[in-house]
Amino acid sequence: AGRALLRGCVAGARAERLSRVVLHVATTNHAAVALYESERFEIRRQVSDFYRQGIYSDRDAYEMTLVLE
């Protein structure tokens with residue numbers, strides 16, 4: 001279900017002729033990072049204190065980008 005949703009969002013971005021899709025994901029969410037990487041997203045940077053306290057044990061997030069061709 002997650003992969004289908006992600007692909008639908010990317011398809012929508014392409015239909016709108018956007019140049020890239022950017023998302024943030026918790027650095028500790030290894031399954032989500034693996035999903036995004038398998039769909040050709042790349043980690044661009046790590047953002048400190050992205051999440052509010054209490055959401056995740058580690059508040060940092062990766063900013064991931066997919067460049068659309």
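## E39, a buried loop residue

In this predicted model, E39 has a relative accessibility of 16% and therefore counts as buried, since the cut-off for that class is a relative accessible area under 20%. The residue is placed in the loop that runs between α2 (30-38) and β2 (42-47).

The side chain of E39 is joined to that of R7 by a polar contact of 2.9 Å. When neighbours within four places in sequence are left aside, the residues in contact with E39 are R3, L6, R7 and L66.

## Packing of α1 and α2

Two packed helices are described by the angle between their axes and by the distance between those axes. For helix α1 (residues 2-15) and α2, the angle is about 45° and the axes are 11 Å apart; α1 and α2 are therefore oblique to each other, because an angle counts as oblique when it falls outside the roughly parallel range (under 35 degrees), the roughly antiparallel range (over 145) and the roughly perpendicular range (65 to 115). The crossing of these two helices, α1 and α2, is right-handed.

On the side of α1, the contact is made by G2, R3 and L6, which meet L35, Y36 and S38 in α2. Sorted by character, the residues of this contact comprise three nonpolar, two polar and one charged. Two of the α1 residues named here, R3 and L6, are also listed among the contacts of E39.

## Two positive phi values

R40, which is not a glycine, has a positive phi of about 80°. Like E39, which is placed in the loop between α2 and β2, R40 is in the loop between α2 and β2. With a relative accessible area of 48%, R40 is classed as partly exposed, whereas E39 at 16% relative accessibility is classed as buried.

A positive phi also occurs at D49, a residue other than glycine, where the value is near 55°. D49 lies in the loop between β2 and β3 (61-67), and at 51% relative accessibility D49 counts as exposed, because that class begins over 50%.

## The protein as a whole

The protein has two helices and three strands, and from the N terminus on its elements run in the order α-β-α-β-β. Along the principal axes, the C-alpha trace spans about 35 × 25 × 20 Å.

Of the 69 residues in the protein, 35% are buried. Among contacts with a separation of 6 or more, 59% are accounted for by residues 24 or more positions apart.

Terms used. Residues are numbered from 1 along each chain as its sequence is written. This is a predicted model: local features need pLDDT of at least 70, side-chain atom pairs count only at pLDDT 80 or more; totals for chains, interfaces and linings use all residues. Side-chain values use heavy atoms; hydrogens and water are left out. Helices (H or I, at least four residues) and strands (E, at least two) are DSSP runs, numbered from the N terminus. Buried means under 20% relative accessible area, exposed over 50%, partly exposed in between (1.4 Å probe, protein chains only). A polar contact is a pair of N or O atoms within 3.5 Å; within protein, one must be able to donate a hydrogen and the other to accept it, and residues adjacent in sequence count only if both atoms are side-chain atoms. Contact means heavy atoms within 4.5 Å. Axes are lines fitted to C-alpha atoms, for helices over the stretch in contact, and angles run from 0 to 180 degrees between N-to-C directions. A crossing is left-handed if the near helix is turned anticlockwise from the far one by less than a right angle, and right-handed if clockwise. Ala, Val, Leu, Ile, Met, Phe, Trp, Tyr, Cys and Pro count as nonpolar, Asp, Glu, Lys and Arg as charged, and the others, Gly among them, as polar.
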